[in-house]
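Colleague: Before we look at this model together, please explain how its terms are applied, as I am new to it.

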Amino acid sequence: MMPTEGTKPIGRRVFLGTLGLGAAAIVAAPTVQKAWSGTLGELSQLDPTGVSGLLPNPGGFRYFSVAGHVDRADPATYRLTVGGLVDRPLELSLADLQAMRQTRVTREIVCTDGWSVEQVPVDGVRLSDLLDRAGVTGGAGAVRFTCFDGVYSESLTLEQARRPDVLVALQMEDKPISHNSGGPVRLYVAPMYFYKSAKWLSGIEVTEKVEPGYWEKTGWPVDAWLPGQEPGHA
Ligand SMILES: Nc1nc2c(c(=O)[nH]1)N[C@H]1C(S)=C(S)[C@@H](COP(=O)(O)O)O[C@H]1N2
Ligand SMILES: [Mo]
């Protein structure tokens with residue numbers, strides 16, 4: 001993701017320039033971005049931590065974190081809280097999550113920086129199952145996600161959050177999610193760009209309205225549908 005204007009102004013301007021031009025222009029944006037990203041030099045300019053350009057990317061993933069250092073969570077003491085506008089606030093261990101129904105979603109993962117990975121199997125608990133377990137109360141309209149890196153946040157409308165392809169993910173590529181990939185638990189919003197898939201997930205809060213997340217406060221779309229994934233698309 002681009003930090004701000006400056007070193008590579010074209011990237012963000014190109015993307016923001018598509019906003020307001022309608023769906024066709026937004027669909028075209030990833031192609032435009034592929035044209036300017038890719039080299040290590042460019043990547044390190046796009047990444048405020050400077051880390052992604054230094055690491056190899058086995059399997060096509062590129063490490064990304066807006067926080068410089070993130071402490072590992074001990075799988076034995078990890079807890080995910082579900083609160084806000086719910087009847088039964090929850091505090092779930094990894095074992096609690098593993099004991100719930102597991103769902104697999106296999107899709108292409110796409111980052112707005114121009115890289116993607118084909119057909120990645122991701123397993124975990126449907127967010128809608130967690131919301132049902134906690135019992136969403138009247139007046140709720142959105143869900144906010146917080147992370148134990150202490151910095152990142154994301155959000156979805158309640159309708160988006162209830163889609164069957166939105167997971168609280170425990171495994172990627174048939175392995176427990178590694179620390180660098182946001183484990184032990186990350187969000188996986190399959191129909192949207194990968195920035196919606198918050199790593200190092202620690203809190204789920206049901207709220208009245210959508211609160212823009214970390215990148216969205218800098219101008220990225222809150223509804224980050226991948227081409228063809230928006231509701232109503234044939
Ligand atoms: N907590 C947290 N989650 C995050 C991010 C981040 O910086 N911090 N970056 C997002 C972006 S822009 C991408 S592309 C993916 C990167 O995931 P990866 O490091 O597993 O490739 O995580 C998303 N979730
Ligand atoms: Mo990204």
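Modeller: A polar contact is a pair of N or O atoms within 3.5 Å; within protein, one must be able to donate a hydrogen and the other to accept it, and residues adjacent in sequence count only if both atoms are side-chain atoms. This is a predicted model, in which local features need pLDDT of at least 70 and side-chain atom pairs count only at pLDDT 80 or more, while totals for chains, interfaces and linings use all residues. Residues are numbered from 1 along each chain as its sequence is written, chains are lettered from A and ligands numbered from 1 in the order in which they are written, and side-chain values use heavy atoms, with hydrogens and water left out.

Colleague: What makes the pair formed by Ser-197 and ligand 1 a polar contact?

Modeller: A backbone N or O atom of Ser-197 lies 3.1 Å from a nitrogen atom of ligand 1, and the limit is 3.5 Å, so the pair counts as a polar contact. An oxygen atom of ligand 1 is also 2.5 Å from an N or O atom in the side chain of Lys-199. Taken alone, ligand 1 exposes 530 Å², of which the protein buries 99% (accessible areas come from the Shrake-Rupley method with a 1.4 Å probe, and for residues only the protein chains shown count as cover).

Colleague: Why are β1 and β2 called paired strands?

Modeller: Two strands pair if DSSP finds at least two bridges between them, and strands are DSSP runs of E with at least two residues, numbered from the N terminus. Four bridges join β1 (residues 79–84) to β2, and the two run antiparallel, so they count as paired. Leu-80 stands opposite Leu-92 in β2.
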